[in-house]
Amino acid sequence: MPTRKHVKQALKKTTTKVAYDYLFKNLKSPDWIEALEAENVFQSPPQVLEIDGTLQASFWEPSKYLARMASFSPEKVLSAIKKIPATNNPRIHEDFINAALAMPPEYAKELQKKAIQSLDNPYQLLLPSKVAELVVYFLKVHLNDEAIQICKNLLDIQPSEKKYQIYKHRFLNDWEFNEKIKEISFHLENYEVKNNFVKLLCRKLKKCMEYEISNREINGFKDYSCSWRQTIANPNNDINGDVRDVLINWIVETYESLLNQKPESINEIVRHLLSQQFPIFSRIALYLSEKNLNHQDVIRTLLLNNQLAESNDAWHEYAVLLKNSYSALSQNDKKLVLDFIYNVTFFSSNEEEYQEKNKRRRYRFLYLISEFLEGDDKVNFDSMRKEYGEIDNPTFLIYMTGVRTGFSSPIKPSDFDKKSIEEIADYLNNWIPSSNNPFGESIEGLAGVLQNSVANRYMEYIPALEKLHLTKCIYLRSIIYGLEKSATETNNFDWLSILNFLIWATSDNKNLEPANNDDIDAGISGIRDAACRLLEKSFALKSNEPSLEYKELIWAVIQNCLTDSDPDIDREKRLDAEDKDYSQLAINSTRSMALACGIQYGLWVMRKVNIPKEKSSLRDYLGLFDSLNEHLNIKFEKSKAVHSMYGRWLPWLHLLDKDWTYKHIQLIFPHDKNQADFLNAAWSAYLLCQPYDEIFDLIKAEYLYAVQLLNYSQEEPKQIETQLLDHVVIFFLRGKINFNDELMITLFNKNNINIIKHLIDFAGRATPEKFKTQAIQLWEFVLAKCEQLTEYSPLEEFGWWVQLEFIDDEWILDQIIIVLSKNKIINHVRGVMNRLISSADTYPQKVARIFQLIVENRIKEHGFFMWRDGAEILIPILLKTEAKEETVTIVRKLGALGFTEFGQFLTQDAR
C-alpha cells in the first residue's frame with residue numbers, strides 16, 4: 001500500500017510536466033488515491049486560458065487517473081472527486097463524467113449535481129455530448145429522475161449573443177442536438193419517464209418561442225409557425241440551423257409513443273398542449289388528435305375552439321382534423337360544428353370588404369366537408385362554390401407558389417397499413433393523381449407513406465418483397481429507405497430476400513416509370529443510391545449484418561450500381577471552373593457512391609473472414625479489383641468525381657491490397673497535363689483523410705510533384721493547397737521528412753512568402769508536445785529563410801506559438817523580441833499578452849522589452865485595443881520587478897501619447 005512517503009518521493013522526481021504526467025499515466029492501482037489526497041495533489045486543477053478567442057484547456061493526468069480507477073474503487077474515486085476545487089476546465093469535467101460512467105449506479109448518481117453544474121461552465125468543448133452519455137447510462141440503470149434532472153440543464157435553450165441567431169443550445173450544432181435527443185429517447189422505457197421527458201422538451205420549445213416572440217414583438221395568439229413549419233405531419237429531418245424543428249419532431253414522436261402505450265391519455269396530452277400560449281403546441285395537439293379519431297370528445301372540443309379556428313398559424317392542422325373527423329362525428333356533434341362554422345367571426349369589422357373575407361373564409365371550412373353536407377347546407381355550399389370556385393389547397397391558408405409545402409398522400413397511413421402486401425402493391429401500381437396540382441395528392445406523398453409503412457412493418461414486407469416489383473422508381477426507392485431505417489431496429493433481418501430484391505431493383509429494368517417529370521435514368525439512379533446506403537449501413541451493423549455466404553449477392557448489387565449513368569460529363573462541366581469540388585459531387589452521385597460502397601464491401605469481407613492486413617490481396621474480394629481497374633481507366637471512366645474516390649479511399653485500398661495500390665499510384669495521381677483535373681480530384685479527396693505515415697511512404701513522390709505544382713499566390717488560397725501544406729508540416733514534425741529532403745528543398749526554393757506564413761501559422765496551432773524539437777527546428781529554418789529573403793512578414797504568425805505551453809518561456813520571449821524587432825507586427829496579440837503576464841515574474845527584463853516594442857510598433861494602430869486589457873494587468877506586475885525603471889518609461893510614453901489612464905499605476909506605486 002503506497003504511503004505519503006512513497007508519494008512524496010515519486011512527486012519529488014517529477015521535475016518536469018512530462019515526468020509528472022508519466023507518473024500518473026502509469027499508476028495502475030487505486031491504492032494511491034488516499035496518499036495523493038494527503039499530499040493535496042488533487043487540489044490544483046488547471047484552469048482554462050482563453051487567448052484571442054482560442055481556448056487552452058489542458059488535460060490533467062490526476063483526473064484522468066481517477067477516471068481509470070473508478071471501476072476498481074468507486075468509493076475512493078467519488079470521495080476524491082467531491083473534494084477537488086471548482087475548475088472551468090471542461091476536460092477535467094469530462095474525466096468526472098467518465099468516472100461516473102465506470103461506477104456502479106449507487107455511486108454514479110452522487111455525481112449528478114456535478115454533471116449539472118459542469119454545464120454552466122463557460123467553456124464546454126465536447127462536454128455536453130459526454131453528459132448526454134451519462135443521461136443514457138442513468139436511464140439504462142433506471143436512475144430516471146436523475147437523468148431527467150440532468151436533461152433540464154443539458155437541453156436548455158439560452159439567448160444567443162450572435163446577431164443572426166436569437167437563441168442557442170449547448171451542443172456544437174443542431175445535428176448533434178438531434179442525435180443526443182435520439183439516443184436519450186431510445187432509452188425511455190416506461191410511460192411516466194417518457195411523459196416527463198416530453199414535457200421537458202415542451203418547456204424547451206416554449207423558451208425558443210418566448211425568445212422568438214420577444215425579439216419580434218408579437219402580440220396575441222400567433223407565432224408565425226405556419227411559415228417556418230408548414231406541417232406537423234412531415235418531420236423536418238433536414239436540419240438547417242433551427243432547433244425548433246428538432247424539438248417539434250421529438251415532441252411529436254414521443255407523444256405518439258405515449259399514445260400507443262396508453263391511448264386514453266389523449267385527453268391529458270391535449271390539455272397540456274393547449275395550455276401553452278403558442279399556436280405551435282396547439283398544432284401538435286390537433287395533429288395527435290387527428291391520429292386518434294376514436295376520442296370524439298377531444299375532437300369536438302378542438303373543432304369548437306374559437307382561438308384555433310381563427311388562427312392562421314393553426315389552420316392547417318385544424319383543417320386536416322375537420323376534414324378527416326367530420327364524417328365520424330355524431331349527428332348532434334355535426335350540427336354543433338356547422339353552427340360554429342356559420343357563426344365564427346374572423347374579422348369583426350362590419351365593412352363590406354371584411355364581411356366578404358369572412359364569407360370566403362367560411363367557404364374554406366365548408367369546402368373541407370362538402371361531400372358530407374346535406375339539405376340546406378349542401379344548397380348553400382353549392383351556391384358559394386359557383387361564386388368562389390374550387391380551392392386548390394384548402395388545408396393551407398398561406399403558401400408560396402413554387403415552394404412545396406409538403407407532399408400530400410391520397411390515403412391516410414392508418415388506412416394504408418390496414419392493407420395486405422398484395423393490396424398495397426396493387427394500389428401503388430394503379431393509383432394515379434387526379435390533377436397536376438403540385439400541392440395536391442401526389443405520388444411523392446404516397447411514397448412517403450410507403451416508406452414509413454415499410455420501416456414499421458418490415459417483418460411483413462421483407463418476406464413479401466418479391467410481390468413488390470413495382471413499376472415506379474420512387475416507390476422502389478421508398479421501400480429501400482424504409483428497410484434502411486428498420487435495419488438498426490431489429491436483429492432478425494432476412495437478408496436473402498432483401499438482397500434478391502435489391503438485385504432486381506438495381507438492374508437495368510426498362511419497365512420502370514419515373515415519378516412526374518423525372519427521367520428514367522434519374523429514377524434508377526435514386527434506387528441505386530438507396531441500395532448503396534442500405535449496404536453501407538449493413539456493413540456497420542454489429543448484430544444484424546448479412547452473413548458472409550451472401551457476399552456474391554451483395555457484390556451483384558454493387559455491380560449493378562456501378563453501371564449507372566450518374567454522374568455524367570455535363571453535370572461535371574457545370575461545376576465552378578475555379579473550384580471544381582469533385583469530391584463533393586462524388587458523395588452525391590451514384591457511380592461514385594457505388595465505388596465507395598464496393599471498397600467498404602471489401603473491408604467488410606476482410607473483417608468477416610479475419611484476413612490479416614499483411615496477407616490481404618485482391619483475390620479475396622470477388623470482382624472488386626476488376627471494377628477498380630475498370631473505373632481507374634480514364635478511357636472507360638471519364639468522371640473526375642468517380643476518380644476522386646480513389647484518393648478518398650486510398651488508405652483503405654492500401655489496406656486491402658498493398659501491391660495493387662503501389663502499382664496503380666501513377667494512375668490515381670496522373671502527371672499528364674491533359675489529366676490535371678483527375679489529379680486534382682484525387683488530391684482534394686485524399687487530403688480529406690488524416691495523414692498516415694505508411695501512405696506517405698507510398699506516395700512521397702506524389703507529394704513532391706504536388707509541391708512542384710504549388711502556386712499559393714492568391715490572397716485566399718484554395719483548400720487543396722492549404723491542406724497539402726498542412727500535411728507537409730505534420731510529416732515534418734513526425735520526422736518523416738527533413739530539410740535535406742527534396743520535398744522541403746523544393747518547397748522553400750519557391751521563396752513564396754504566403755507558403756512560409758502558412759507553415760508557421762499551422763505549426764503554431766497544431767504542434768503537440770512530443771514534436772517540440774522539430775517545431776523549433778522549423779521555426780529557426782523559417783527565420784533564416786526570412787533573413788535570406790529580407791522579408792519578415794511571415795514572422796507575424798509566430799503569435800500562435802505562444803499557446804504552446806510546453807515550449808520554454810525564455811525561448812518564446814526571445815522569438816517574440818525578434819519578430820517585433822524585424823517585422824513590427826505580431827498576430828494573436830491578446831495571446832502574447834497573456835504569455836507576458838505569466839512570464840513577467842521570471843523574465844521581467846525580456847517581458848518589459850516586448851511590452852516596449854508592442855507600444856512602439858502598434859500604438860497608432862487599432863490593434864492597440866487588442867492588448868490594452870492585458871497591459872492593465874501586466875504593468876502592476878512589472879512595477880514590482882527589476883524591470884520597474886523600464887516599465888515607468890513605457891507608462892510615461894503611453895501618457896505622452898494620450899493614454900493617461902495608465903498613469904494611475906505610477907501613482908499607486910509611489911504610495
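1. Rings of Phe, Tyr and Trp, the last represented by its six-membered ring, are taken to pair if their centres lie within 6.5 Å. On that basis, one aromatic cluster in this predicted model is formed by Phe669, Trp683, Tyr686, Phe696, Tyr703 and Phe731. By the pairing rule, the count comes to 38 aromatic pairs.

2. One of these pairs joins phenylalanine 625 and tryptophan 660, with 5.3 Å centre to centre and 65° between the planes, an edge-to-face arrangement. Phenylalanine 625 belongs to helix H34 (residues 624–632) and tryptophan 660 to helix H37 (residues 658–668), so the pair ties together parts that are 35 residues apart in sequence. Phenylalanine 625 has a relative accessibility of 2% and therefore counts as buried. Tryptophan 660 is likewise buried, its relative accessible area being 4%.

3. Two members of the cluster deserve separate mention. The ring centres of tyrosine 703 and phenylalanine 731 are 5.6 Å apart and the planes stand at 80°, so this pair is edge-to-face. The pair links distant parts of the chain, 28 residues apart: tyrosine 703 is in helix H39 (residues 693–709) and phenylalanine 731 in helix H40 (residues 719–733). Both tyrosine 703 and phenylalanine 731 are buried.

4. Turning to the protein as a whole, the model contains 49 helices and four strands. Of its 911 residues, 53% are buried. Among contacts with a separation of 6 or more, 72% are between residues 24 or more positions apart. The exposed area is about 42,800 Å², of which carbon and sulfur atoms supply 47%.

5. Helix H2 (residues 17–25) has Asp21, Leu23 and Phe24 as buried residues. These three cover an arc of only 155° around the axis, and therefore lie on the same side of H2. Val18 and Tyr22, on the other side of H2, are exposed. The cover over the buried residues of H2 includes helix H1 (4–13), helix H3 (33–38) and helix H4 (61–69).

6. Phenylalanine 806 is located in the loop between helix H43 (772–789) and helix H44 (809–822). Is this residue buried or exposed? Phenylalanine 806 is buried: its relative accessible area is 19%, and the cut-off for buried is under 20%. Leaving aside residues up to four places away in sequence, phenylalanine 806 touches Thr767, Pro768, Glu769 and Lys772. Its C-alpha atom is separated by 8.2 Å from that of lysine 17, although the two residues are 789 residues apart along the chain.

7. On the surface, Leu125, Leu126 and Leu172 make a nonpolar patch of about 280 Å². Leucine 172 is placed in the loop between strand S4 (167–168) and helix H11 (174–186). With a relative accessibility of 58%, leucine 172 counts as exposed, the cut-off for that class being over 50%.

Conventions: Residues are numbered from 1 along each chain as its sequence is written. This is a predicted model: local features need pLDDT of at least 70, side-chain atom pairs count only at pLDDT 80 or more; totals for chains, interfaces and linings use all residues. Side-chain values use heavy atoms; hydrogens and water are left out. Helices (H or I, at least four residues) and strands (E, at least two) are DSSP runs, numbered from the N terminus. Buried means under 20% relative accessible area, exposed over 50%, partly exposed in between (1.4 Å probe, protein chains only). Contact means heavy atoms within 4.5 Å. Accessible areas come from the Shrake-Rupley method with a 1.4 Å probe; for residues, only the protein chains shown count as cover. Patches are made of residues with over 30% relative accessible area and no salt bridge: like charges are joined within 9 Å, nonpolar side chains (Val, Leu, Ile, Met, Phe, Trp, Tyr) within 5 Å. A salt bridge is a side-chain nitrogen of Lys or Arg within 4 Å of a carboxyl oxygen of Asp or Glu. The arc is that of the directions from the helix axis to the C-beta atoms. Rings of Phe, Tyr and Trp (its six-membered ring) pair if their centres lie within 6.5 Å; planes under 30 degrees apart count as stacked, over 60 as edge-to-face and the rest as tilted.
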